[in-house]
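User: I am new to this structure and would like a close look at a single part of it. Could you walk me through the open sheet, and then show me what else is worth a glance?

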Amino acid sequence: MGELREVRIPAIGDFKDVKVIEVMVGPGDSIKAEDSLITLESDKATMEIPSPFAGVVKEVRCKVGDKVSEGSSVLLLEMSDGAEAKAAIGPPFDVVPAIDTAPPPSVPPLATTPSPPSAVPAAPPPGRVGEAEFAKAHASPSVRRFARELGVDLGKVQASGPKGRILKADVQGFVKRELTSPRTETGISAPSVGRGIPEMPPVDFSKFGPIEKQPLSRIKKLSGANLHRNWLVVPHVTQFDEADITDLEAFRNELSEEATRQGVKVTLLAFLMKAAVGALKTFPEFSASLDADRESLIVKKYYHIGVAVDTPDGLVVPVIRDVDRRGLFELAKELAEVSAKAREKKLEASNMQGGCFTISSLGGIGGTAFTPIVNAPEVAILGVSRSKMQPVYRDGAFVPRLILPLSLSYDHRVIDGAAAARFTRHFSLLLSDPRRLLL
Ligand code: CAO
């Protein structure tokens with residue numbers, strides 16, 4: 001008989017008395033290390049507690065409705081011979097809203113119905129994901145939410161968990177297969193996600209030299225799937241332009257004393273967000289989204305701007321709400337808070353939803369231009385590179401001016417090239433005269 005071990009709730013941050021909403025195992029069940037044992041739900045998030053060991057469940061020590069905290073007993077496990085702790089007992093909270101019927105994610109779902117052959121393939125509205133099958137599927141709330149975020153119909157996902165439970169890995173596997181398969185009838189509309197693209201043959205790199213295999217972070221896996229889809233679905237064009245920000249920079253420096261007194265650092269980004277609102281008000285189609293039926297545009301009357309933030313685990317895009325109603329200092333403060341939160345992995349899904357337009361600034365790092373990928377269902381994204389003092393010919397002489405490179409990628413289904421050129425020109429004009437930002 002193997003050694004008996006008690007499994008307890010691991011460190012779960014500041015959460016206490018969290019409700020058990022699901023018990024996924026029972027006495028006699030054989031489980032592998034990292035299999036989910038129970039699901040907890042706080043008012044902010046759900047999480048699954050994984051088993052640190054492989055073994056057989058001897059006794060379950062909590063039930064649905066119990067309130068548990070770090071150290072509470074979950075169950076007694078008879079360890080398999082030679083089993084070792086495997087599960088990552090880090091904070092297992094999934095940063096997702098607690099309500100399973102969360103609003104549709106800010107990315108269009110992977111289609112689950114075939115598209116008309118000649119039309120640009122449509123991502124159907126989330127309601128069209130086979131709701132009955134979805135509801136019947138055997139999966140925890142966090143897996144359901146994950147599936148909804150990706151627009152995956154759980155009714156079509158093969159389960160590999162205990163008692164036919166669909167695991168997160170099953171959903172990821174389903175998406176991976178759909179992204180690479182040329183099928184049309186079962187899931188994602190094929191032309192949108194790489195129909196006919198030959199698969200990359202596996203390469204044994206160790207034949208050529210020493211290697212190390214490093215798992216991709218969760219963020220990279222999720223953003224990778226979204227970026228891949230957006231790259232394939234959205235016909236991208238990038239418009240390059242530049243803005244003379246000499247006066248803006250002088251104004252920013254003038255503000256710095258007052259900003260320091262208020263404990264904020266006003267970087268260029270806050271001005272860019274304000275300029276984005278100005279340009280979006282003048283060119284509303286840049287903050288629109290294609291309706292699911294592709295027959296119309298949804299034009300948004302709010303100004304929530306996404307900001308790409310580089311974190312050690314990958315790219316995330318928190319959304320700053322109502323930028324039109326915020327002052328520069330308030331924006332700068334929120335930017336600092338939100339990027340710190342992103343880097344500490346404390347962003348919630350709701351912090352990353354609802355954007356109308358995204359800004360991706362690599363100016364703090366360097367570079368002269370780049371072609372950002374549109375953050376669908378948004379239709380445009382502004383890339384900003386590093387500003388540089390340049391000689392500009394004016395009134396018969398060269399004068400030194402601080403020039404900021406802009407790269408606007410847009411969805412050509414919605415935006416014409418001429419409109420994009422007008423948009424970046426207008427954006428540039430707003431930045432070149434900071435007084436215009438106040439209008
Ligand atoms: N030109 C010149 N200098 C710039 C600049 C620009 N366009 N933009 C920022 N800077 C300067 C800032 O003024 C600051 O200088 P000081 O420290 O001397 O004052 C410095 O660069 C660092 O700025 P920052 O990057 O910390 O701050 P920010 O407000 O400009 O940007 C954030 C914040 C979160 C957007 C940024 O940190 C970040 O993560 N950028 C990467 C985004 C990304 O990865 N995009 C790619 C997406 S596609 O894969």
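Analyst: The open sheet in this predicted model has four strands, in the order β1-β8-β6-β3, and their pairing is antiparallel. Its edge strands are β1, residues 4-8, and β3, residues 30-31, each of which pairs on one side only. As background, strands of a sheet pair through backbone hydrogen bonds, either parallel or antiparallel.

Let's follow the β3 edge. Strand β3 is joined by two bridges to β6, residues 55-60, and these two strands run antiparallel. If you look along that pairing, you will find S30 opposite V56 in β6.

Now for a helix elsewhere in the chain. Helix α7 covers residues 328-343; at 1.5 Å a residue, its 16 residues should span 22 Å, and since its end C-alpha atoms are 22 Å apart, the two values agree. Its buried residues are L328, F329, L331, A332, L335, V338, S339 and A342. These buried residues pack against α5, α6, β13, β14, β15 and β16. After α7 comes K345, with a positive phi near 60 degrees.

Finally, turn to the surface. There, V203, F205, F208 and I211 form a nonpolar patch, with about 460 Å² of accessible area together. One of them, I211, sits in the loop between α3 (168-180) and α4 (218-233). I211 counts as exposed because its relative accessible area is 55%, and exposed means over 50%.

How values were computed: Residues numbered from 1 in each chain as written. Predicted model: local features only at pLDDT ≥ 70, side-chain atom pairs only at ≥ 80, totals over all residues. Heavy atoms only, no water. Patch = residues over 30% accessible without salt bridge, like charges linked within 9 Å, V, L, I, M, F, W, Y side chains within 5 Å. Areas by Shrake-Rupley, 256 points an atom, 1.4 Å probe, with all protein chains shown as cover. Salt bridge = Lys/Arg side-chain N within 4 Å of Asp/Glu carboxyl O. Buried < 20%, exposed > 50% of the residue type's maximum accessible area, 1.4 Å probe, protein only. Pairing = 2+ DSSP bridges. Expected span 1.5 Å × (residues − 1). Contact = heavy atoms within 4.5 Å.
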